[in-house]
Amino acid sequence: MPESLADAHELVDDLVGDQAIEWDRAGLIPDGVLRTLANRGLLCAEVPEASGGLGMSSAANGEFTAFVGSRCSSLRSVMTSQGMAAWTIQRLGSSRQHAAYLPRLAGGQLAAVAFSEPDAGSDLSAMTTTIEPDGDAVVLRGQKVWTTAAHYADLIVVVGRYGSGAAAVVVPTSASGVTVTRVPRPSGCRAAGHADVRFDDVRLPVIAVLGGGQPLMLLVTTALAYGRISVAWGCVGILRACLDAARHHARTRRQFGRPLAQHQLVGRHLANLLTGEQIATRMCEHASRCWDSGSPDMVVASVLAKQVSAVQAAQGAAAAVQVLGSVAAHEGHAVERAYRDAKLMELIEGSTEICQLILSDHAVSMTAR
Amino acid sequence: MSQDLTTTAESIAQTIAAFVSKRVGADVPADKDLFESGLVSSLFAMELVVHLEQAFSVQILGDDLKRDNFRSVQAMTALVLRLNGAE
């Protein structure tokens with residue numbers, strides 16, 4: 001089904017309307033909203049048409065991701081999870097596995113990806129979850145935390161140790177031995193369905209095992225590449241929402257006999273917001289061009305885009321709160337949500353500090369030019 | 001091995017070696033173990049996957065992503081030859 005970006009934006013505006021504030025308060029996105037988008041393939045729009053998806057480019061899906069992020073970061077966060085699950089299956093799976101799973105993700109089912117564990121956050125090499133062969137099946141054992149969208153998910157792609165390396169395994173949340181427990185009252189993206197998930201001797205068919213044998217960190221880097229560029233575009237959305245709210249307020253609110261925008265210290269906030277939005281947008285556009293042209297630079301470009309966009313979003317949201325003052329000082333206000341959501345973006349998919357370490361390693365290993 | 005195949009293998013190995021050398025800033029012998037020598041980070045490993053796919057129009061999926069296939073220029077050349085032959 002061909003899907004124009006304009007139609008997709010219109011659908012999201014119809015579905016979200018002015019509800020994002022309520023979803024944030026309730027910590028829940030209505031099932032119908034998620035299923036409608038999932039059925040249209042819009043939660044993982046880059047799945048190729050041959051696998052039942054929309055086959056969107058990274059650039060187009062990026063703009064769509066930013067649009068959703070400007071309306072509701074929780075919904076955008078669910079999109080990031082779904083897209084990352086699809087990408088991981090596409091990247092690590094065989095063509096048989098593509099056929100088994102991708103049409104389901106592009107056609108209505110919801111998915112999450114589980115990395116973090118109680119003792120393996122930034123240091124994912126400390127991961128202890130295991131996937132072990134057992135006759136004609138595999139058995140999954142372990143515990144994952146902060147799995148975004150797991151509360152809504154039909155399938156969870158779980159990363160674990162497998163032989164001397166690592167693998168990912170596709171687990172139906174309905175399987176025996178799977179326990180999903182919501183993270184109570186997260187500080188940001190409150191309706192993104194974050195959950196802790198336990199896997200007690202979960203038996204799965206061998207076809208559920210993606211990859212296998214590659215080093216754990218290569219597998220994690222591969223899966224996270226999509227998560228990073230998706231979060232980066234989501235941060236562009238946060239910046240656009242904040243810029244819109246701040247410039248509207250600065251034009252209309254008058255103090256000391258003139259609009260706020262004519263006070264220079266407020267004007268600086270507006271200039272910084274615009275600058276931040278443009279910097280983040282350009283970084284994301286570059287990263288998407290790398291994805292769409294199949295350039296090896298896509299890996300580093302995605303880390304860069306995530307790093308820059310998350311930092312800009314956190315700074316931009318703080319500036320927007322400052323401009324709106326008491327107007328934004330209400331739980332759930334678009335800018336107040338942005339402030340909480342943006343900070344969370346500096347923690348996930350590689351914290352700001354972890355991304356800096358990756359980039360510093362890259363800087364050291366780069367050749368002179 | 002026929003003359004054609006030898007030539008193909010050589011040109012594939014040259015393309016891969018050029019990419020690796022440019023990235024690490026040093027000449028890399030075809031049999032050098034890139035993982036043991038610490039030349040390959042996780043980021044670079046994934047860049048290698050994307051490079052091979054793009055440069056040789058192959059798809060590297062599933063079990064083919066295992067570390068041994070990327071251990072050296074030689075190993076990557078063998079992988080590309082096998083994937084090309086499988087078409």
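Helices (H or I, at least four residues) and strands (E, at least two) are DSSP runs, numbered from the N terminus. Axes are lines fitted to C-alpha atoms, for helices over the stretch in contact, and angles run from 0 to 180 degrees between N-to-C directions.

This is a predicted model: local features need pLDDT of at least 70, side-chain atom pairs count only at pLDDT 80 or more, and totals for chains, interfaces and linings use all residues. Residues are numbered from 1 along each chain as its sequence is written, and chains are lettered from A and ligands numbered from 1 in the order in which they are written.

**Exercise 1.** Describe how H9(A) packs on H10(A).

*Solution.*
- Two packed helices are described by the angle between their axes and the distance between the axes.
- Take H9 (residues 298-324) and H10 (residues 334-345) of chain A: their axes come within 8 Å and cross at roughly 155°.
- Angles under 35 degrees count as roughly parallel, over 145 as roughly antiparallel, 65 to 115 as roughly perpendicular and the rest as oblique. H9(A) and H10(A) are therefore roughly antiparallel to each other.
- List the contacts (C-beta atoms, placed from the backbone, within 7 Å). Residues of H9(A), including Ala310(A), Ala314(A) and Leu324(A), meet residues of H10(A), including Val335(A), Tyr339(A) and Met345(A).
- Sort by class: 13 nonpolar, no polar and two charged residues. Ala, Val, Leu, Ile, Met, Phe, Trp, Tyr, Cys and Pro count as nonpolar, Asp, Glu, Lys and Arg as charged, and the others, Gly among them, as polar.

**Exercise 2.** Give the secondary structure of the two annotated domains of chain A.

*Solution.*
- UniProt (unreviewed entry) places "Acyl-CoA oxidase/dehydrogenase middle" at residues 112-202 of chain A. That stretch is 0% helix and 53% strand, with end C-alpha atoms 17 Å apart.
- UniProt (unreviewed entry) also gives "Acyl-CoA dehydrogenase/oxidase C-terminal" for residues 219-360 of chain A. Here the chain is 79% helix and 3% strand, with end C-alpha atoms 21 Å apart.

**Exercise 3.** Is Pro259(A) buried or exposed?

*Solution.*
- Locate Pro259(A): strand S10 (residues 258-259) of chain A.
- Count neighbours: 15 other C-beta atoms lie within 10 Å, so Pro259(A) is partly exposed. The cut-offs are 20 or more for buried, 12 or fewer for exposed, and partly exposed in between.
- Among the residues that Pro259(A) touches are Ala250(A) and Arg254(A), not counting residues up to four places away in sequence.

**Exercise 4.** Which element of chain A gives the largest share of the side that touches chain B?

*Solution.*
- The contact takes 24 residues from chain A and 19 residues from chain B.
- S8 (209-214), H7 (216-252), H9 and H11 (352-365) of chain A each supply at least two residues.
- H7(A) gives the largest share, five residues.

Definitions and conventions. Two residues are in contact if their C-beta atoms, placed from the backbone, lie within 7 Å. UniProt positions are given in the numbering used here, feature names are shortened, and annotations may be inferred rather than shown by experiment.
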